[in-house]
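Good morning, and thank you for joining this session. I would ask everyone to turn to the display before we begin.

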Amino acid sequence: MTAPNAGADATPSAEGGPAGLLATLRWRGMYHDATPGLEARLATGRPIAGYVGFDPSSSSLHVGSLVPIFGLLQLQRHRGRPVALVGGATGMVGDPSGRSSERTLLGQDELMANADAIRAQLEHFLDFSPGPAQARMANNLDWLGEVGLLDFLRDVGKHFTVPYMLAKDSVQVRLERGLSFTEFSYMLLQAADFAHLHRTMGVELQMGGADQWGNITAGLELIRRTAGGSDEQDPAFALAYPLLLTPSGTKFGKSESGDTVWLDPARTTPYAFFQYWLNADDRDVGTHLRWFTLLDAESIATLEEDLAARPGERAAQRALAVDVTTRVHGAKAAAHATRVSAAVFSGGPIVDPEVLATLHEAVDGFAFTEGDLGANVVALLVASGTVASNGEARRLISQGGISINDARITDVAAAIPAPIDEEWLVVRVGKKRLRVGRRGPGPR
């Protein structure tokens, strides 16, 4: 399957070979560090195979996964061969990097099903069709699952000292709070992965976030010790992306409410996904345009200039939301999300049943019955959970803060307006809160 092209790119050497990869990553702000020799290796012009690991503890990737995904995408665009490694084996153990507690371990069947779902999502970004830069999937259960404990200790464990492992940041931050031997051994498993991919698939490069640096370099150490490398000519290389943080200092990938924003439309609707990007902080949007789209430098500069001149119009955020939603969910879903968003923020009546159905699912929807319609507005507001009490409902009505189906409610005894298309109620509370009710049984 050929990945869709959601934008053009005119960054340095974007259409060239491997030599332009680091220039592109630096321009886009995606370069944190690399081991010595990588730039010279890329300058040879020979294609390089690089891999990133993905955690299969869930059936879906999330927006935080876009960082390594776009790293692989940029590698492929520079004629490199991307390898997406799913941790079917290491997912049974757990990586302590960036975590404050040990994860829940999953069974093999669930991990394999999750790996299949992740492959389908990666096909929206990477080109898996035959060719020199064909993307590949691998699952470390295929080799680690066959290794016995004694063989592992002999072939991998003997190459690492305990002080070397203790010095890694991912271990240090967990020592005081507790770190099981299972998770402590994770870096050896990841090192074995790199060595296996290097030996069997010619993978020379591992990429990952800055918090993965210790695990990645452990792989380099194992390869050097087992493949005859030297400081003068490293047989393998590492590349790290910066940790992407929000202005508040939290790790990128969480919504404002703290919920994970998934790539799976069954877990995060395309509209909610679109809104996540549309609500990007002005301070973040330029970075997100560079990292998560293929828009060229001139297009991004124009959007940034427009944002500075007319921040209220949020043109940069809209361009970002359309681009990323198109790549993940398709052009039709992105167009629908754009239409729904425009209806919500226009301040005008919302009467399109398709728009109302989307909002009911994505924006705090509720159900109402024929009996609810026979009550007054105060009763409906309380019964639907829009307000907590009759007193709060009366206060909001007296202040002019409630409208239903675009009609301002000014009387606490007012009847409820007729549903739109005999099915929908649009309740606005003030200027920012919107709820959509649908006729029928179900939770309010």
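I shall speak about strands, then aromatic rings, then salt bridges, and lastly a patch on the surface. Please keep in mind that this is a predicted model.

Let us begin with strand 3, which covers residues 81-86. Of its 6 residues, 5 are buried, so strand 3 is largely enclosed by the rest of the structure. What are its partners? On one hand there is strand 2, residues 49-54, which runs parallel to strand 3 and is joined to it by 6 bridges. Within that pairing, Gly-50 stands opposite Pro-82. Between these two strands the chain passes through helix 3, residues 66-77, and the resulting β-α-β crossover is right-handed. Strand 3 also runs parallel to strand 4, residues 136-139, with 4 bridges between them. There, Val-86 has Asn-139 of strand 4 as its bridge partner.

I turn now to the aromatic rings. How many aromatic pairs does a search of the whole structure find? The search gives 8. In one of them, Phe-160 and Tyr-164, the ring centres are 5.7 Å apart and the planes meet at 45°, so this pair is classed as tilted. Phe-160 counts as buried, at 9% relative accessibility, whereas Tyr-164, at 25%, counts as partly exposed. A further pair is formed by Phe-273 and Trp-277; here the centres are 6.1 Å apart and the planes stand at 65°, so the arrangement is edge-to-face, the angle being over 60 degrees. Both residues belong to helix 12, residues 270-278, and they are 4 residues apart, about one turn of the helix. Phe-273 is buried, with a relative accessible area of 0%, and Trp-277 is likewise buried at 0%. These two rings are part of one aromatic cluster, whose other members are Phe-70, Phe-125, Tyr-276, Trp-291 and Phe-292.

The next subject is charge. Across the whole structure, 15 salt bridges are found. I have selected three individual pairs for today, beginning with Glu-39 and Arg-26, whose closest N and O atoms are 3.3 Å apart. Glu-39 lies in helix 2, residues 38-43, and Arg-26 in helix 1, residues 21-27, so to speak a link between distant parts of the chain, 13 residues apart. Both ends are partly exposed: Glu-39 has a relative accessible area of 46%, and Arg-26 one of 38%.

Helix 2 also contributes Arg-41, which forms a salt bridge with Glu-204 in strand 5, residues 203-209, at a distance of 163 residues along the chain. The closest N and O atoms of this pair are 2.9 Å apart. Are its two ends buried or exposed? Arg-41 is buried, at 6%, and Glu-204 counts as buried too, at 17%.

The third pair joins Arg-339 and Glu-354, with 3.1 Å from N to O. Arg-339 lies in helix 16, residues 331-346, and Glu-354 in helix 17, residues 353-362, so the contact ties together parts that are 15 residues apart in sequence. Arg-339 itself is partly exposed, with a relative accessible area of 36%. Beyond these pairs, Asp-151, Arg-154 and Asp-155 are linked in a network of salt bridges.

Finally, I come to the surface. Leu-149, Leu-150 and Leu-153 make a nonpolar patch of about 350 Å². Leu-153 lies in helix 6, residues 149-155, and is partly exposed, at 44% relative accessible area.

Thank you for your attention.

Key
Residues numbered from 1 in each chain as written. Predicted model: local features only at pLDDT ≥ 70, side-chain atom pairs only at ≥ 80, totals over all residues. Heavy atoms only, no water. Buried < 20%, exposed > 50% of the residue type's maximum accessible area, 1.4 Å probe, protein only. Pairing = 2+ DSSP bridges. Right-handed = clockwise from strand over helix to strand, strands pointing away. Patch = residues over 30% accessible without salt bridge, like charges linked within 9 Å, V, L, I, M, F, W, Y side chains within 5 Å. Areas by Shrake-Rupley, 256 points an atom, 1.4 Å probe, with all protein chains shown as cover. Salt bridge = Lys/Arg side-chain N within 4 Å of Asp/Glu carboxyl O. Phe/Tyr/Trp six-rings, centres within 6.5 Å; stacked < 30°, edge-to-face > 60°.
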